[in-house]
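Visitor: I would like a close look at a single part of this model, namely the pairing of two helices and whatever surrounds it. Please take me through it in one connected account.

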Amino acid sequence: MMDPGTSTSAPAAAAAAAPAAPSAAASPASPAVSRWAFAVSQRYQHLLDRSVPHAQRRWVATLAVACVYLVRVYFVEGFYIVTYALGIYMLNLLIGFLSPQVDPELQELAGGGGGGGSLPTRGSDEFRPFVRRLPEFKCWLQITWAFVIAFVVTFFSVFDVPVFWPVLLFYWVMLFTLTMRRQIMLMVKYKYVPFTFGKRRYGKRASSTDSASLPRD
């Protein structure tokens, strides 16, 4: 005759062991997903590294993406609030691109410490290159992703908030004007130019004159 305690413990042990089967079947899938995600991330980073020296091609591609987004908004005749948010975000990126890494106003208030990213304001100061708060490559990458995300958002009607778009355009133009006015005043006050064109370059001409001044045999 079978013991009642033994008969009840056997189904309980079987029930306790039953949930372990799905976890054992799902465990081999997680390393495969991790390897796939790592391979995709590595490939993406490799493509970004290869695109670093091709600044002109990168910005042309971003301009094409922006045109696709604008054509999409034009034909849909909506998503103006998304475009407004995109414009505010791009204005923020532009300010970071035009600003030095160390804010000269904050540095002046702090006592003018000799940090490596500070700007020379006198002719006797040591030359230091202009270091941006937001580098060109990061600025390009964030702008490109912003247009891509905004384009995807236009396929979801929940983001199509009905607004009067001339008011948003007026707000953005006013914000852009005031922000750029302050930025230009800072450039004039602290005598820095965040662009490289128009500046003196030392290259082949200097090397040729040095070689010409050497005595000949």
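Guide: A salt bridge is taken here as a side-chain nitrogen of Lys or Arg within 4 Å of a carboxyl oxygen of Asp or Glu. With that criterion, a search of the whole structure, which is a predicted model, finds one salt bridge. Its partners are Arg58 and Glu136, whose closest N and O atoms lie 3.1 Å apart. The pair links distant parts of the chain, since Arg58 belongs to helix 4 and Glu136 to helix 7, with their positions 78 residues apart in the numbering. The two partners can also be described by their accessibility: Arg58 counts as buried, at 4% relative accessibility, whereas Glu136 is partly exposed, with a relative accessible area of 25%.

The helices that carry this pair can be placed within the whole chain, which has nine helices and zero strands and follows, when read along the sequence, the pattern α-α-α-α-α-α-α-α-α. Of its 217 residues, 21% count as buried. Helix 4 covers residues 55–76, and helix 7 covers residues 136–153. The two pack at an angle of about 20 degrees, and their axes are 9 Å apart. Angles under 35 degrees count as roughly parallel, and helix 4 and helix 7 are therefore roughly parallel to each other. The crossing of helix 4 and helix 7 is left-handed.

Consider next what precedes helix 4. Pro53 is found in the loop between helix 3, residues 29–51, and helix 4, and Pro53 counts as exposed, at 63% relative accessibility. The C-alpha atoms of Pro53 and Phe137 are separated by 9.5 Å, although these two residues are 84 residues apart along the chain.

On the other side of helix 4 comes the loop between helix 4 and helix 5, the latter spanning residues 80–98, and Glu77 is found in this loop. Phi of Glu77 is near 60 degrees, which is a positive value in a residue other than glycine. Phe79 has its place in the loop between helix 4 and helix 5 as well, and Phe79 too has a positive phi, of about 60 degrees, although it is not a glycine. In accessibility the two residues fall into separate classes, for which the cut-offs are under 20% relative accessible area for buried and over 50% for exposed. Glu77 is exposed, with a relative accessible area of 61%, while Phe79 counts as buried, at 3% relative accessibility.

Returning to helix 7, one finds that this helix also contributes to the surface. Tyr44, Trp145, Val148, Ile149, Val152, Phe155, Phe156, Val158 and Phe159 form a nonpolar patch there, and together they have about 880 Å² of accessible area. Helix 7 gives the most to this nonpolar patch, with four residues. Another member of the patch, Val158, is found in the loop between helix 7 and helix 8, which spans residues 165–190. Val158 is exposed, with a relative accessible area of 64%.

Taken together, helix 7 holds Glu136, the partner of Arg58 in the salt bridge with helix 4, and helix 7 is also the element that gives the most to the nonpolar patch.

Terms used. Residues are numbered from 1 along each chain as its sequence is written. This is a predicted model: local features need pLDDT of at least 70, side-chain atom pairs count only at pLDDT 80 or more; totals for chains, interfaces and linings use all residues. Side-chain values use heavy atoms; hydrogens and water are left out. Patches are made of residues with over 30% relative accessible area and no salt bridge: like charges are joined within 9 Å, nonpolar side chains (Val, Leu, Ile, Met, Phe, Trp, Tyr) within 5 Å. Accessible areas come from the Shrake-Rupley method with a 1.4 Å probe; for residues, only the protein chains shown count as cover. Buried means under 20% relative accessible area, exposed over 50%, partly exposed in between (1.4 Å probe, protein chains only). Axes are lines fitted to C-alpha atoms, for helices over the stretch in contact, and angles run from 0 to 180 degrees between N-to-C directions. Angles under 35 degrees count as roughly parallel, over 145 as roughly antiparallel, 65 to 115 as roughly perpendicular and the rest as oblique. A crossing is left-handed if the near helix is turned anticlockwise from the far one by less than a right angle, and right-handed if clockwise.
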